[in-house]
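Visitor: I'd like to learn how to read the interfaces in a model with several chains. Could you walk me through one?

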Amino acid sequence: MNTPVKKLRVATTSLAGCFGCHMSFLDIDERLLALVELIEFDRSPLTDIKTCGPCDIGIIEGGLCNAENVHVLREFRANCTTLIALGACAINGGLPAQRNHLALTTILEEVYHAQHGLVDGFIPNDPELPLPLNQVHPIHEVVKIDYFIPGCPPSADAIWKVLTDLLAGREPELGHGLIHYD
Amino acid sequence: MTQSNSFILDGATIPYTNEQTIIQAAMAAGVYIPHLCYNPEFKPHGSCKLCTVKIKGRQVASCTEKPQAGMVVESNTKELNDERRNLLQMLFVEGNHFCPSCEKSGDCQLQATAYELDMMSPHFDHFYPDRPVDASHPDYLLDFNRCILCSICVSASRDVDGKNVFALAGRGINSHLVVNSKSGDLADTGFSANDKAAQVCPVGVILKKRVGFAIPIGERSFDEKPISATPHPTVKGA
Amino acid sequence: MVSSLNMHKQYLDPILRHRSHNPNSLLQILIGAQEIYGFIHSDAIDYLSSALGLPRAMIEGVASFYSFLYLSPHGEYRVLFSDNITDRMQGNQDLMQSLCNQLWVEPGKASEDGLLWVNTTSCTGMCDQGPAMLVNNIAINRLTQDRIDRICELIREHVPVSDWPAEFFAIEDNIRRRDILLNSHFQAGSALKAAFIRAEAATAQASQGYVAHMIDPAGLDRAADATLQEIKISKLRGRGGAGFSTGMKWEFCRNANGDAHYVVCNADEGEPGTFKDRVLLNSYADLVFEGMTLCAYVIGAKKGFLYLRGEYRYLLEPLQAVLQRRREQNLLGRGILGQAEFEFDIEIHLGAGAYICGEESALIESLEGKRGTPRNRPPYPVTAGYLNQPTVVSNVETFASTSLISLHGGAWYASIGTENSSGSKLFSVSGDCDYPGIYEYPFGVTVAQVLADCGAKNTQAVQISGPSGMCIAAHEFDRRISFDDIPTAGAFMVFDQRRDMFEVARNFVHFFAHESCGFCTPCRVGTALLSNMMDKLNEGQGSPYDLAEIEKLDSLLQSMSHCGLGRTACNPVLHTLAKFRPAYECRLSHKEFVPAFDLDTALSQARRMTGRDDAGAHLEKNHDSK
């Protein structure tokens, strides 16, 4: 009777996001205790594990603004059975995507050369730094995403609802009040 | 003007008068059909296609289609709602709709309709068009990024204000809203804060300055009730 | 500033006077203004706004709708390469590249010296003699490398287009098979005379209380109805593709109440692959204008319009000369052929590069000087058309056929063709065949027969009635052209085994996206999305996911669109997918979803700006997820 239930393995990450969605995730408060009975974390800011192993669920906050974001997203897609886009930036690029109407060359030029007060500015070219993409993309434009939780951030209740639906084998459904884009 | 005529909408009997289109009769009877370019104060435009219903296997815009006695109309079906959601997703990727930074969030009919139809993502690839904001006018701001080309402002300015401040220009995916001035600036048109056109935008294009985000989250139009329970949404704070 | 206004006033005033300062002629005024000035200047808009009492935003809205009108300088020479699939098969892309290279321009960007602007445009209706181009809206065909080289020289030397060699502008009729229409040797006025004689006879019979069994007594309230009866007996159906009964259309319009009735001839022959109206208007204009006049006689119209597509601008003066001759022959104007009560004249309106204006209600909007957006229907044009008055809008070939019917009788016409598709049909044959051109057959001809006659070999497919029509595969070549089997507006594009049917469909999908009016959401956004998805497949980024998406989008366009454009925009894909699926499947380079854009290319700007090229500065192409 005390056979331990096999816990679902969950990984989370923040790409071009502000970690606000992760903060909201933590806002599920004491329900986190009930949750950890059912899941265990793989790669996540909560565990500080650096690479994603095979997981049942991957949760992605943020869109794609640079090469590293793409690598992480691909790692998640390759390892997670179910991938969830969490929050506005993952879903439509969000705030970072508001640079999309400008050419990246113009932005780099403006930020590192042209802006008032810069002396001999140069564009950082250290190989350690991930290069920015020409445009910011929502994650569904680059890999297949299974579920989306909109919101900036999605409320703790919305996150809880989707996770518990999934854990119970139900098709996740938000309703009025839980679905919001802001 | 007798109400002896009626049609069947999703199984319910809806009375209608000879002047009414399907959506007008449905709204009068308190039945919601999703719509964006239709505003009861203006002649139906028929462009957004959100209000499409099915009659004898044929899909028609209910804002322009007149009912006939005994006609059987399907509206709230999975098939139609799936297609409506696709139309919403098209509108979302066509423009730049960043709700968190939009003053109209919570009062926006596009957003509220997307909630109503459980739109969880924009699904398609984004166009991310370049649409500069016009902040030239002292009292109002035009953020074209959110325009859904419903033309309600065009009608309001032309038919109510008698000003023709707005017009549609371009073609196809390059269609866009323009204002009536050589500079292209709203400040150089006859637009004023008292215009009807200032109050009809269903999304966040025509915005009053200095009042943004005045209403706290939780108290905005569609925080309280979904759009389907708000038969004639008006803009709070306008 | 004032001098600029004066300058525009100078050329605009005569145009405005010619058009009686009529706001409904806005499009014609804008076309006229651009012909003189090269583009629509902002000051010209100001002047027109006050002269016509129209808001300038509305004028900008109209001008920006039509792809042949420009609101900014586009150069002394404006070169548009026709970009139908047939032009592509004839090598237009290499020729355009050659012209651009020789003159140092990029497609879509005006040259810095203001010399020229080069771009592509939808089919210009010259598929039988392509590749084709328009230079300052005048057609030049049979482009070859040699011709391109000479054009480059003429442009470099600033030779006005009017002084270019006449042979550049020669346009052949290429009539390959004639039947009742093209063999008619029509005498101008003969069909009208026949109508008047019939009217006299009918009046005489009516006054004797005698009614011929084939004349519906209820309909016989005017003498002209005897001709309406003949049209109805002929069972003529509209030649624009939809095939509505012409007799019924005329009758509905005649019966509709209004201050005035109008006749409109739809010569906005924009369906790619169609060019029969070009030939009818070039060599059979009397048949067409006489048919319009017969219609006016039947419905009681005093005014008619020929809406001529901008691509056929070169036909304007010849057609106006025909109209003038007809006025002199008393076939137009007041008291036509001595019929005191009968007054009718025809005005030619030009289009300006908008396929959607072939849709009758969009055409009427355009005639009224507006953006060519299809109206909400009902009401239909027969009750509320031009200026909301009862209007007959019919195809060029339809009007031409009515002249024959008046001349030879409805029963004669009905005896030709098939039971439900009477008479003959003109085909515009192009593509992979030895003898492209115009073929006239009685309805009911098989696809195989046309293919044999035009010298097509190893045919893989035929696109009938253009992109919005049907794609017919080899196993269907015994099917017949008729309203019961394969209806057509006339296009007949032949593709042999060498052709890639995916590329055919992709070309057509781009055409629809370019021509979507933008009024309704599904068509405006859907055609653009569909173009992008077809490009994604073409660029090797496709997976089964994308094919499923394309199919979903097709069904949405079909069920949700406002008009025929959106509803048929998916046809090329639906038909080629059903019949040539391997052409798509071979493009599904990936098993799983990959992005539409190349991720490594997406780092190109940053690489350039940082000068980096290390491994970390790249993303491997097309990384398939598990």
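Visitor: Let me start inside one chain: into which domains is chain C divided?

Guide: Happy to help, and keep in mind that this is a predicted model. Chain C is divided into domain 1 (2-63), domain 2 (77-172), domain 3 (190-414), domain 4 (424-499) and domain 5 (502-585).

Visitor: How many residues of chain C are in contact with chain B, and how many of chain B with chain C?

Guide: The contact involves 44 residues of chain C and 37 residues of chain B.

Visitor: And how is the size of such an interface expressed?

Guide: The general idea is that size is often given as the accessible area lost when the parts come together. Here chain C and chain B bury about 3,100 Å² between them, with 57% of it on carbon and sulfur atoms. On the chain C side, C:T521, C:R524 and C:M560 lose the most area to chain B, together 20% of what that side buries.

Visitor: C:R524 carries a charge, I assume. Which residue forms a salt bridge with C:R524?

Guide: That partner is B:E94, and the closest N and O atoms are 2.6 Å apart. Between chain C and chain B the count is four salt bridges. As for polar contacts, 22 residue pairs are found across this interface, both residues at pLDDT 80 or more.

Visitor: Which helix of chain C gives the largest share of the side that touches chain B?

Guide: Helix 20 of chain C does, with nine residues. The elements that each supply at least two residues to that side are helix 3 (42-52), helix 4 (56-63), helix 19 (501-515), helix 20 (521-538) and helix 21 (544-560). By class, the side of chain C that touches chain B has 20 nonpolar, 15 polar and nine charged residues.

Visitor: Can we read a boundary between domains in the same spirit? What separates the centres of domain 3 and domain 4 of chain C?

Guide: Taken over C-alpha atoms, those centres are 28 Å apart. Domain 3 of chain C brings 18 residues to the contact, and domain 4 of chain C brings 20 residues. The area buried between these two domains is about 1,300 Å², and carbon and sulfur atoms give 62% of it. C:R239, C:E271 and C:F275 supply 33% of the area that domain 3 buries against domain 4, more than any other three residues.

Visitor: Which side chains meet in a salt bridge at 2.5 Å, N to O?

Guide: Those are the side chains of C:K425 and C:E397. One salt bridge is found across the interface of domain 3 and domain 4 of chain C, and the count of residue pairs in polar contact there is six, both at pLDDT 80 or more. On the domain 3 side, helix 11 (residues 276-283) gives the most, with three residues.

Visitor: Let's finish with chain A. What area is buried between chain A and chain B?

Guide: About 2,000 Å², of which carbon and sulfur atoms give 59%. This contact joins 23 residues of chain A to 29 residues of chain B. Of the area that chain A buries against chain B, A:H176, A:Y181 and A:D182 supply 34%, more than any other three residues.

Visitor: With which residue does A:D182 meet in a salt bridge?

Guide: With B:R220, at 2.8 Å from N to O. The count between chain A and chain B is one salt bridge, and eleven residue pairs are in polar contact, both at pLDDT 80 or more. Helix 4 of chain A gives the most to the side that touches chain B, with three residues.

Note on methods
Residues are numbered from 1 along each chain as its sequence is written. Chains are lettered from A and ligands numbered from 1 in the order in which they are written. This is a predicted model: local features need pLDDT of at least 70, side-chain atom pairs count only at pLDDT 80 or more; totals for chains, interfaces and linings use all residues. Side-chain values use heavy atoms; hydrogens and water are left out. Contact means heavy atoms within 4.5 Å. Buried area is the accessible area (1.4 Å probe) that two parts lose on being put together, summed over both. A polar contact is a pair of N or O atoms within 3.5 Å; within protein, one must be able to donate a hydrogen and the other to accept it, and residues adjacent in sequence count only if both atoms are side-chain atoms. Helices (H or I, at least four residues) and strands (E, at least two) are DSSP runs, numbered from the N terminus. Ala, Val, Leu, Ile, Met, Phe, Trp, Tyr, Cys and Pro count as nonpolar, Asp, Glu, Lys and Arg as charged, and the others, Gly among them, as polar. Domain bounds come from an automatic or database domain assignment.
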